[in-house]
Structures are given as structure tokens and as C-alpha cells.
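Reader: I have a structure open and no idea where to start. Can we talk about its empty spaces and then one helix?
Author: Yes, pockets come before the helix.

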Amino acid sequence: MNSKTITRAELARLFDHTNLKAFATQDDFKVLCDEAKELHTAMVAINSSPVAWCKEFLKDTDIHVGAAIAFPLGQMNIASKVAETLNAIEDGADEIDYVLNVGRLKMGDLAYIEDEMTQMVAACRKHGKTIKVIFENCYLTKDEIKAAALIAKKVKPDFIKTSTGFGTGGATVEDVKLMKETVGDEVSVKAAGGIRTWEACAAMIDAGATRIGTSSSYAILEGYDEAHK
């Protein structure tokens, strides 16, 4: 897939249409889901609490409900992350995006990161759900990003993801390329955080991302339309 040949409909289906704000209300989630239906995105990305609402709003569609787990800091123990995951799945989540323990990765405790990823992947596989691992690259060195990606290549979540969008930085082309080069075809890459224009989105697609996390779906599509006049 590349930005030169992608159609508008294909582009929309890359989007995890996002509202992760602390102050989002049920009405806000209804709007998010209505927008996702209008655009025909892949998923709505939300925190775990409103999953049941969004599942109801999106019934009779093929748009997934995605729950963010241990969001946005990742500083929960493994059992707590698994418990939140299972609760979200029980409420109707189709996909799980969890934040790995950034501090443990910074410590070089790769055994912990692998154990955490293995347990989280197992919980999702048991229920047939898609799982994405959020690295939060803005806090990591290139070597740490590569180390986490190599663990993912072994454990095989569905996606590794650049960012929460709540850190000090978001997705970069350099990081998406590094992640994709490390995992190859074993795992997909999701770019998220700060992707607000068609130009930025296109760069992520060309770097190897096959999902885009964004709250700017409309703006990106408007930019696509303008570029393809």
C-alpha cells in the first residue's frame, strides 16, 4: 500500500477514529461513532469505560470498537492490564491497544516486557481479538524501540504502535520505518499521535503504517480530496 495509489475509501479504512479525552461524555461518543459510520473507518479508539456504549452505537456495522488499556501511562502491573483487557472484551471490545511498561523498558527489563506482551496477546487470542502494543516512542531511544519491536516479532501481536498522543511527541516517519524494518511482515505498524493532515498521513503510509490513529479523520480526508482534484 502506498499513498500514491490509495483510494479515498481505502484511506478511511486505515483510520482508528479517536476520542480519548478525559472529559468525553456519552454524547461525544455517539458523535464519534456516527462520524465513524459516515466515513466508514476501521475502528473507534476510546478508553475502556465507554466500550459498551460504542458497541451499541455501532451495532449492525463492521466498524470495530477499540479499547485503550493502561492508558496513557502504561504504569499498571500485568495482572491489572489483563483484567482491564478482559473487562473491555466482555463489554464488547473488538480490538485492544495497550501501553507497555515504559519504565521497565527503560530499565532494560526485556524479560518483563516479553512476559507482559505474551500475557496480553494470549488474553486477546483466547477471545479472537486484535491487539496492538503502544511503545510511546517519544520516551525511548532507537535501541529501545528496536528491542521492543524484536520482542513483538517473537510474540506476534497484531500491531505495534508509535504513541498514545498524550506523551511529549507523536508518530515520526523515522520511527515508523524503524519499527517496520524490525518486525518485517510478522507484525503490522500503527502510527498515532499528531497526524492531522493528509501530507503527514501519506508519509506514515509510505513509511509502512497500515493503521492510522487520529482524531483528525475529516481533515485528512479533506486534504486527500484537495490533493486529488
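Reader: What is the volume of the largest pocket?
Author: About 510 Å³. On a 1 Å grid over the protein atoms alone, a pocket is an open set of points with protein on both sides within 12 Å along at least five of seven lines, while a cavity is a set where a 1.4 Å probe fits but cannot get out; lining residues have an atom within 4 Å of a point. This is a predicted model, where local features need pLDDT of at least 70 and side-chain atom pairs count only at pLDDT 80 or more, but totals for chains, interfaces and linings use all residues. Residues are numbered from 1 along each chain as its sequence is written, and side-chain values use heavy atoms, with hydrogens and water left out.

Reader: Which lining residues are closest to the centre of the largest pocket?
Author: Thr18, Leu20, Phe166, Thr214 and Ser215, out of 27 that line the largest pocket.

Reader: And which element gives the most to that lining?
Author: Helix H2, with four residues. Strands S1, S7 and S8 each supply at least two. Helices (H or I, at least four residues) and strands (E, at least two) are DSSP runs, numbered from the N terminus.

Reader: How many cavities of 30 Å³ or more turn up?
Author: One. The largest cavity holds about 40 Å³ of space, and its lining includes Leu20, Met43, Asp97 and Lys161. Strands S2 and S3 are the elements that give two or more residues to that lining.

Reader: OK, the helix. Why does the span of H4 make sense?
Author: H4 has 14 residues, 78-91, and at 1.5 Å a residue they should span 20 Å; the end C-alpha atoms are 20 Å apart, so the two agree. The expected span is 1.5 Å times one less than the number of residues.

Reader: Which residues of H4 are buried?
Author: Ile78, Lys81, Val82, Glu84, Thr85, Ala88 and Ile89. Buried means under 20% relative accessible area, exposed over 50% and partly exposed in between, with a 1.4 Å probe and protein chains only. These buried residues cover an arc of only 160° around the axis, so they sit on the same side of H4. That arc is taken from the directions from the helix axis to the C-beta atoms.

Reader: Are Ala79 and Glu90 buried or exposed?
Author: Exposed, on the other side of H4.

Reader: What covers the buried ones?
Author: Helices H3 and H6 and strands S3 and S4 are among the elements that do.

Notes. Grid points are joined across faces, edges and corners, and a volume is the space filled by probe spheres set on the points. Contact means heavy atoms within 4.5 Å.
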